[in-house]
Amino acid sequence: MASEVFVEEPVDVLTRVLGDGTILPTSFLWRQHTRYVNHVGRRWEERVQGRTMRYYLVQTVDGNTYELCFDPGRDRWTVQRAWLRDWVV
């Protein structure tokens with residue numbers, strides 16, 4: 001069973017930009033480990049303190065799930081939450 005962890009930590013993210021301008025995360029560096037994304041699930045936008053934030057629910061090749069947040073105005077990514085199968089971060 002996965003444990004939910006509230007994180008809100010900055011991360012470096014590599015993305016792929018599709019022809020229609022859609023941004024999809026492909027990997028990210030979190031806590032000195034590269035996490036490779038094998039599935040991008042739900043995507044949504046929210047207004048936070050007057051800014052539009054983009055959220056991505058992704059699953060990595062190790063079976064863990066992460067909620068990534070992109071702030072386009074600041075060009076900044078964060079891990080908001082993580083559902084970790086093994087508590088190895």
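**Figure 1. Hairpin formed by strand 4 and strand 5 in the predicted model**. Strand 4 and strand 5 form a hairpin in which 4 residues lie between the two strands. Within the turn, G63 has a positive phi of about 90 degrees. The two strands run antiparallel and are joined by 6 bridges. One of the residues of strand 4 in this pairing is L57, whose bridge partner in strand 5 is E67.

**Figure 2. Hairpin formed by strand 5 and strand 6**. Here too, 4 residues separate the paired strands, and D75 in the turn has a positive phi of about 50 degrees. Strand 5 (65-71) and strand 6 (76-84) pair in the antiparallel sense over 7 bridges. F70 has W77 of strand 6 as its bridge partner. Of the 7 residues of strand 5, 6 are buried, so this strand is largely enclosed by the rest of the structure.

**Figure 3. Surroundings of L57 in strand 4**. L57 belongs to strand 4, which spans residues 51-60. The residue is partly exposed, with a relative accessible area of 27%. Leaving out residues up to four places away in sequence, L57 touches H39, V40, G41, R42, W44, T65, Y66, E67 and W83. E67, included among these contacts, is also the bridge partner of L57 in strand 5. P25 lies 32 residues from L57 in sequence, with a C-alpha to C-alpha separation of 9.8 Å.

**Figure 4. Surroundings of T60 in strand 4**. T60 is found in strand 4 and is buried, its relative accessible area being 1%. The side chains of T60 and D62 are joined by a polar contact of 2.4 Å. When neighbours within four places in sequence are set aside, T60 is in contact with F28, R35, Y36, V37, N38 and Y66. Y66 is likewise listed among the residues that L57 touches.

**Figure 5. Lining of the largest pocket**. The largest pocket has a volume of about 180 Å³. Its lining consists of E8, R51, M53, Y55, C69, D71, R74, R76, T78 and Q80. Strand 4, strand 5 and strand 6 each supply at least two residues of this lining. By residue class, the lining divides into 5 charged, 3 nonpolar and 2 polar residues. The strands that contribute here are those of the hairpins shown above: strand 4 with strand 5, and strand 5 with strand 6.

Key:
Residues are numbered from 1 along each chain as its sequence is written. This is a predicted model: local features need pLDDT of at least 70, side-chain atom pairs count only at pLDDT 80 or more; totals for chains, interfaces and linings use all residues. Side-chain values use heavy atoms; hydrogens and water are left out. Buried means under 20% relative accessible area, exposed over 50%, partly exposed in between (1.4 Å probe, protein chains only). Contact means heavy atoms within 4.5 Å. On a 1 Å grid over the protein atoms alone, a cavity is a set of points where a 1.4 Å probe fits but cannot get out, and a pocket is an open set with protein on both sides within 12 Å along at least five of seven lines; lining residues have an atom within 4 Å of a point. Grid points are joined across faces, edges and corners, and a volume is the space filled by probe spheres set on the points. Ala, Val, Leu, Ile, Met, Phe, Trp, Tyr, Cys and Pro count as nonpolar, Asp, Glu, Lys and Arg as charged, and the others, Gly among them, as polar. Two strands pair if DSSP finds at least two bridges between them. A polar contact is a pair of N or O atoms within 3.5 Å; within protein, one must be able to donate a hydrogen and the other to accept it, and residues adjacent in sequence count only if both atoms are side-chain atoms.
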